[in-house]
Amino acid sequence: MMIVNSDIWAAANGGLIRIPKFEYSNIQTLKYSDTVSNFFWTLAYDSTGTIWVGSGDVTKTLLLSYKNGEWKEIDCKSLGEQSYIPAIVVDSKNRKWFISDAGLTMYNDTTFVTYNHTNSTLPFTSFTHLELDAKGNLWIGTVGYGLYKFDGTTFTNFSHTNSALPLGVIFSA
């Protein structure tokens with residue numbers, strides 16, 4: 001959920017929820033399609049005024065953008081097998097970062113770059129959460145492997161074996 005220009009926006013099972021100017025009597029549900037899942041997991045807002053939505057179900061993974069009443073579907077087929085996008089953040093360079101079964105992916109409105117166990121020190125695991133700190137570092141929660149920090153070059157792992165984290169499962173920031 002986020003607040004943008006006095007509007008509350010939320011990702012929900014059934015669509016993108018908008019509450020304009022905090023007027024709860026005017027709740028709007030914005031659906032992407034009647035033929036594709038409107039089960040939305042996460043959302044983020046970029047510097048151009050676009051809302052980015054992570055979606056997906058057992059049939060299709062969707063990265064969607066919504067601006068000025070129009071939806072756009074971003075083709076994620078190049079990322080391979082995925083099921084859903086549970087977290088998205090937008091950095092100061094307006095790049096969209098998201099996690100999925102494929103790993104940590106950066107989308108710069110043209111190309112995708114994905115980091116996973118085949119090309120980085122990230123584990124082969126489920127990713128649960130993603131946050132961006134004030135220094136531009138990405139923090140990635142995992143199931144079983146703790147927390148990873150990515151500074152744009154290096155992944156640093158914090159787990160129960162090398163830090164004060166009690167267990168290796170991180171659900172939220």
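These points concern one sheet and the aromatic pairs of a predicted model.

1. The sheet is open and has 4 strands in the order β9-β10-β11-β12, with antiparallel pairing. Because β9 (87-90) and β12 (112-115) stand at the edges with a single partner strand each, one side of each is left without a neighbour in the sheet. From one strand to the next, the twist averages 20°.

2. At one edge of this sheet, β12 pairs with β11 (residues 103-107) in the antiparallel sense over 4 bridges, and F112 in β12 is the bridge partner of Y107.

3. The count of aromatic pairs comes to 15. In the pair of F98 and F112, the ring centres are 6.4 Å apart and the planes stand at 90°, which is over the 60 degrees required, so the pair is edge-to-face. This pair links distant parts of the chain, since F98 lies in strand β10 (residues 96-100) and F112 in strand β12, 14 residues apart. F98 counts as buried at 0% relative accessibility, whereas F112, with a relative accessible area of 21%, is partly exposed.

4. A further pair involving β12 is that of Y115 and F150, whose ring centres are 5.0 Å apart and whose planes are at 50°, so the pair is tilted. Because Y115 lies in strand β12 and F150 in strand β15 (residues 147-150), the pair ties together parts that are 35 residues apart in sequence. Y115 counts as partly exposed at 21% relative accessibility, while F150 is buried, with a relative accessible area of 2%.

5. One aromatic cluster is formed by W9, Y32, F40, Y66 and W71.

Methods:
Residues are numbered from 1 along each chain as its sequence is written. This is a predicted model: local features need pLDDT of at least 70, side-chain atom pairs count only at pLDDT 80 or more; totals for chains, interfaces and linings use all residues. Side-chain values use heavy atoms; hydrogens and water are left out. Two strands pair if DSSP finds at least two bridges between them. Helices (H or I, at least four residues) and strands (E, at least two) are DSSP runs, numbered from the N terminus. Axes are lines fitted to C-alpha atoms, for helices over the stretch in contact, and angles run from 0 to 180 degrees between N-to-C directions. Rings of Phe, Tyr and Trp (its six-membered ring) pair if their centres lie within 6.5 Å; planes under 30 degrees apart count as stacked, over 60 as edge-to-face and the rest as tilted. Buried means under 20% relative accessible area, exposed over 50%, partly exposed in between (1.4 Å probe, protein chains only).
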